[in-house]
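Work through the exercises below with the sequence and the 3D structure at hand. Try each task before reading its solution.

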Amino acid sequence: MTSFARGRVTAVLGPTNTGKTYLAIERMLGHASGMIGFPLRLLARENYDRVVKVKGVGQVALVTGEEKIVPPGARYFLCTVESMPVDRATEFLGIDEIQLCADPERGHVFTERLLHARGTHETMFMGAGTMRAILRKLVPEAETISRPRFSTLAYSGERKLSRMPPRSAVVAFSAAEVYETAELMRRQRGGVAIVMGALSPRTRRAQVAMFEAGEVDYLVATDAIGMGLNLNLEHVAFAKLSKFDGQTMRTLKAPEIAQIAGRAGRHMTDGSFGTTNDAGPIDPETVEAVEEHRFTAHDGIFWRARDLDLASPLALLKSLERPAPSPILRRAPHGDDLKVLRALARQPEILDLARHRGAVGLLWDVCQIPDFQKILSDRHMRLLDRIFRHLMAAGGDGEGRLPADWVARHIGRIERCDGDIDTLTARIAQVRTWTYISHRPDWLTDPRHWQERTRAIEDKLSDALHERLTARFVDRRAAVLVRHLRAGDEMLTAIGADGAVLVEGEFVGRLHGFRFQADEAVSGRDARALLTAARRALQGEIPRRLRALEQAPVQEFALLPGGALTWRGEGVGRLSAGDTALTPRVEPLSSEFLDSRARERLRQRLAAWSRHHLRARLTPLYRIGEAAAQGGFSGPARGLLYQLAETLGLVPRERVAEQLGAIGKAERKRLAALGVRLGRVCVYMPALRRAGRPEMRGLLWSVHRRTAMPAAPARDSSTCLPAPGADESFYLAIGCHCLPGLKIEGEGPRLAIRAEALEHLAQEVFRLGQDGPFPASAKMLRLADGDEARLETALHALRHGLRRDAGGLHVSRRRRQAGKDAGRASNSRPRRKRETASSPFDVLRGLLPGE
């Protein structure tokens with residue numbers, strides 16, 4: 001970070017609704033240049049729009065991890081704190097919500113700015129009064145200014161949801177709780193807007209606009225409402241007074257309640273806060289602290305070393321774990337970026353690539369690519385691994401670029417607007433990661449193209465999500481009907497061992513896995529109230545079920561023919577296309593009761609079982625893939641193994657004849673030990689014919705190709721007739737060779753025959769045809785399922801001579817088996833042609849001297 005001359009330093013401290021941000025904007029615009037860091041992309045964008053109206057678009061820049069608008073003559077920069085270009089000198093520099101220095105996840109970034117970011121003329125820190133003592137110790141030159149709240153904030157106790165006043169926000173702390181509360185309020189109040197951190201800024205703005213326009217009078221939100229949203233709110237109600245902080249469930253602290261409750265009452269309008277009946281009252285001490293804005297001062301903030309050792313990944317890790325230089329500064333907990341670095345640094349290939357400072361710096365940059373789903377899934381880890389490898393591919397100097405087709409495939413999978421709210425939310429999180437990547441111009445060949453495309457996809461997904469939220473949680477007609485229901489009475493609920501959900505002894509639906517299906521027979525005046533009570537009861541059942549599933553033995557899971565994954569007979573997930581047919585991904589079935597963390601826990605357990613199950617059923621296939629990857633085989637043999645793994649165990653011999661010709665006898669024995677048989681017509685794996693394995697291979701093919709399986713031979717049959725246009729790769733996957741040939745009357749022009757049957761047929765022809773043409777045997781007919789037309793098609797495809805007379809079908813064996821001799825060329829000497837006494841060579845021999 002470049003050091004600049006330091007001017008006046010000011011700390012403007014106070015509760016919400018004190019005009020701190022407004023003051024900072026006014027001060028910045030009084031200078032020739034300026035920069036402000038905000039805690040949220042949404043806030044940076046909102047204030048960018050404000051400054052553009054004053055200064056014009058050519059003088060104002062927006063800089064966030066996912067959006068950069070920097071005109072050549074820009075003098076005023078509105079940024080997220082992480083994305084501030086602090087090496088640029090500006091007369092004014094401001095940091096908003098400076099109390100976030102005490103946040104375990106992001107605090108070290110705010111602390112870095114507090115200690116080192118300065119304007120040349122003026123620096124301003126805006127935040128809560130809890131930072132006063134910290135600022136006095138760490139920035140003694142700062143002048144502290146206290147700002148009183150413009151309006152009062154008063155506690156109003158508990159209220160039923162049905163009695164919430166208009167212009168109220170109800171705050172919950174998980175997606176499932178938000179959806180449950182929103183569903184109930186939709187029925188009681190006609191509709192609600194939704195605000196959650198998982199929503200994209202565009203979706204959040206659309207939902208807030210609906211509330212601000214008066215289309216709905218109520219808002220249901222997570223604690224994301226507590227920062228950056230200036231709303232026309234009069235009352236904030238807490239549906240719970242505890243939250244999961246990423247490690248444990250804990251009670252909300254007084255400053256957290258104040259930050260959220262402070263959204264009520266803007267400017268000179270007073271506001272109130274309270275709880276719902278389910279949450280219970282807030283204790284008097286906390287109420288007094290919130291109303292009087294008196295909180296315990298922070299005694300420490302989070303810090304991370306800035307002087308990093310880039311000699312190696314291990315040296316970088318050591319420097320990041322350097323102890324803090326002051327008791328006030330606390331070393332930040334291990335964030336996602338550090339967790340990713342630890343994981344990648346355990347891989348020998350990564351260590352081998354990161355052998356110089358530039359490569360280590362690049363590795364650290366890649367590790368800081370955010371996971372907007374906030375779950376640090378295996379998928380995100382794998383993505384960062386591949387990004388680093390691609391960037392290091394060009395000579396190992398870190399100057400590589402991400403392949404355009406690879407980027408296009410990843411982004412293309414996200415560009416879909418179907419699915420439910422959770423699915424769209426997950427896709428938005430994924431595309432935001434790619435938007436972040438697109439703003440690294442040194443990583444992409446055409447960064448502007450990808451910036452525009454990812455932004456367009458995010459906008460499209462955000463609009464679709466807004467539509468889904470509105471369709472689900474806004475129903476103005478329902479309010480009139482539900483006002484006459486019993487208001488807020490507690491109902492007795494129970495869940496049976498078979499998943500039956502009872503409310504007041506009445507069956508209202510059934511829990512299938514993690515999905516609730518309401519009973520269609522439930523109707524009448526109290527139907528909605530009964531179903532709402534049932535959903536409330538399920539909030540405790542779902543975590544219990546998830547823990548049971550994580551600990552369940554493998555016998556409780558099953559993979560169905562269509563790719564569905566079941567647990568205890570109920571559907572909980574499904575296979576989806578992965579990088580190869582042998583590595584399918586797992587997708588949990590959507591459920592309104594599973595938030596992103598719970599979904600990831602479910603996915604990981606199902607993925608672990610699927611890997612175990614597939615390997616147990618198709619062990620030979622996985623063995624050949626591992627054998628090829630481990631080395632020890634020649635190039636041709638390794639290529640053959642990869643082809644077998646790719647086609648799921650069968651390759652026509654004529655396609656690999658050249659490779660077979662280059663494989664020696666010793667390697668053929670090793671291939672045989674792996675279960676690979678080099679047949680006359682096919683290279684295949686007989687062990688894969690055992691019960692259930694062809695069906696399993698067909699399923700993997702279907703999942704990978706994202707298409708239904710064509711017709712296959714019955715279990716007790718050797719042949720079938722594919723429909724015209726059927727994909728040959730499917731039949732190879734299930735162990736069948738597709739043969740062209742004669743058109744069978746009334747059916748398709750090809751024959752699919754199992755590899756074993758085809759090999760036995762070729763062997764039978766070889767055995768019977770050594771002495772010339774012969775009649776087709778009964779065994780040959782059995783191998784064609786007793787169908788003479790199918791036998792004729794198979795023999796014709798093998799290029800044997802055929803003749804039909806009154807005695808039936810006669811076969812003439814061709815002299816060379818297709819692919820067989822080519823495969824043996826390197827391992828057998830050419831046979832010397834036997835000469836007769838009357839041959840020209842015999843006559844010539846008699847004319848030579850000495851003969």
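The exercises that follow concern salt bridges, surface charge, backbone angles and burial in a predicted model.

**Exercise 1. Salt bridges across loops**

Task: Find how the side chains of R106 and E82 meet, and state which parts of the chain they tie together.

Solution:
- Step 1. A salt bridge needs a side-chain nitrogen of Lys or Arg within 4 Å of a carboxyl oxygen of Asp or Glu. For R106 and E82 the N to O distance is 2.8 Å, and the two side chains form a salt bridge.
- Step 2. R106 sits in the loop between β6 (92–95) and α3 (107–116), while E82 sits in the loop between β5 (76–80) and β6, so the pair connects parts 24 residues apart in sequence.
- Step 3. E82 has a relative accessible area of 37% and is partly exposed.

**Exercise 2. A loop and a strand**

Task: Locate D498 and R510, whose side chains meet in a salt bridge, and decide whether each is buried, partly exposed or exposed.

Solution:
- Step 1. The N to O distance in the salt bridge between D498 and R510 is 3.1 Å.
- Step 2. D498 belongs to the loop between β19 (493–495) and β20 (500–503), and R510 belongs to strand β21 (residues 506–512), so this bridge ties together parts that are 12 residues apart in sequence.
- Step 3. Partly exposed covers the range between under 20% (buried) and over 50% (exposed). D498, at 48% relative accessibility, is therefore partly exposed, and R510, at 26%, is partly exposed too.

**Exercise 3. A pair within a helix, and the wider count**

Task: Describe the pairing of R545 with E541, then give the number of salt bridges in the model.

Solution:
- Step 1. The side chains of R545 and E541 form a salt bridge with an N to O distance of 3.0 Å.
- Step 2. Both residues are in helix α18, 4 residues apart, which means about one helical turn separates them.
- Step 3. R545 and E541 are both buried.
- Step 4. The count of salt bridges is 53. Some are linked: R41, R45, D49, E66, E67, R432, R455 and E458 make up a network of salt bridges.

**Exercise 4. Charge on the surface**

Task: Which residues gather in a patch of positive charge on the surface?

Solution:
- Step 1. The patch consists of R379, R382, R413, R611 and R706.
- Step 2. Take R413 as one member of the patch. R413 lies in helix α14 (residues 404–414).
- Step 3. Patch members need over 30% relative accessible area. R413 has 35% and is partly exposed.

**Exercise 5. Positive phi**

Task: Find where R568 and R799 lie, and state the sign of phi at each.

Solution:
- Step 1. Most residues other than glycine have a negative phi.
- Step 2. R568, although not a glycine, has a positive phi of about 55°. R568 is in the loop between β24 (564–567) and β25.
- Step 3. R799 is not a glycine either, and its phi is positive at about 65°. R799 is in the loop between α28 (788–797) and β34 (801–805), and at 51% relative accessibility R799 is exposed.

**Exercise 6. Two further positions**

Task: Is S576 buried or exposed, and how many residues along the chain separate P553 from W609?

Solution:
- Step 1. S576 lies in strand β25 (residues 570–576). With 13% relative accessibility, S576 is buried.
- Step 2. The side chains of S576 and E587 are joined by a polar contact of 3.4 Å.
- Step 3. P553 is in the loop between α18 (527–551) and β23 (557–559), and at 40% relative accessibility P553 is partly exposed.
- Step 4. P553 and W609 are 56 residues apart along the chain, and their C-alpha atoms are separated by 9.4 Å.

Terms used:
Residues numbered from 1 in each chain as written. Predicted model: local features only at pLDDT ≥ 70, side-chain atom pairs only at ≥ 80, totals over all residues. Heavy atoms only, no water. Patch = residues over 30% accessible without salt bridge, like charges linked within 9 Å, V, L, I, M, F, W, Y side chains within 5 Å. Areas by Shrake-Rupley, 256 points an atom, 1.4 Å probe, with all protein chains shown as cover. Lys, Arg positive; Asp, Glu negative; His and termini not counted. Charge placed at Lys NZ, Arg CZ, Asp CG, Glu CD. Helix = DSSP H or I, 4+ residues; strand = E, 2+ residues; numbered from the N terminus. Buried < 20%, exposed > 50% of the residue type's maximum accessible area, 1.4 Å probe, protein only. Polar contact = N/O pair within 3.5 Å; in protein donor to acceptor, adjacent residues only side chain to side chain.
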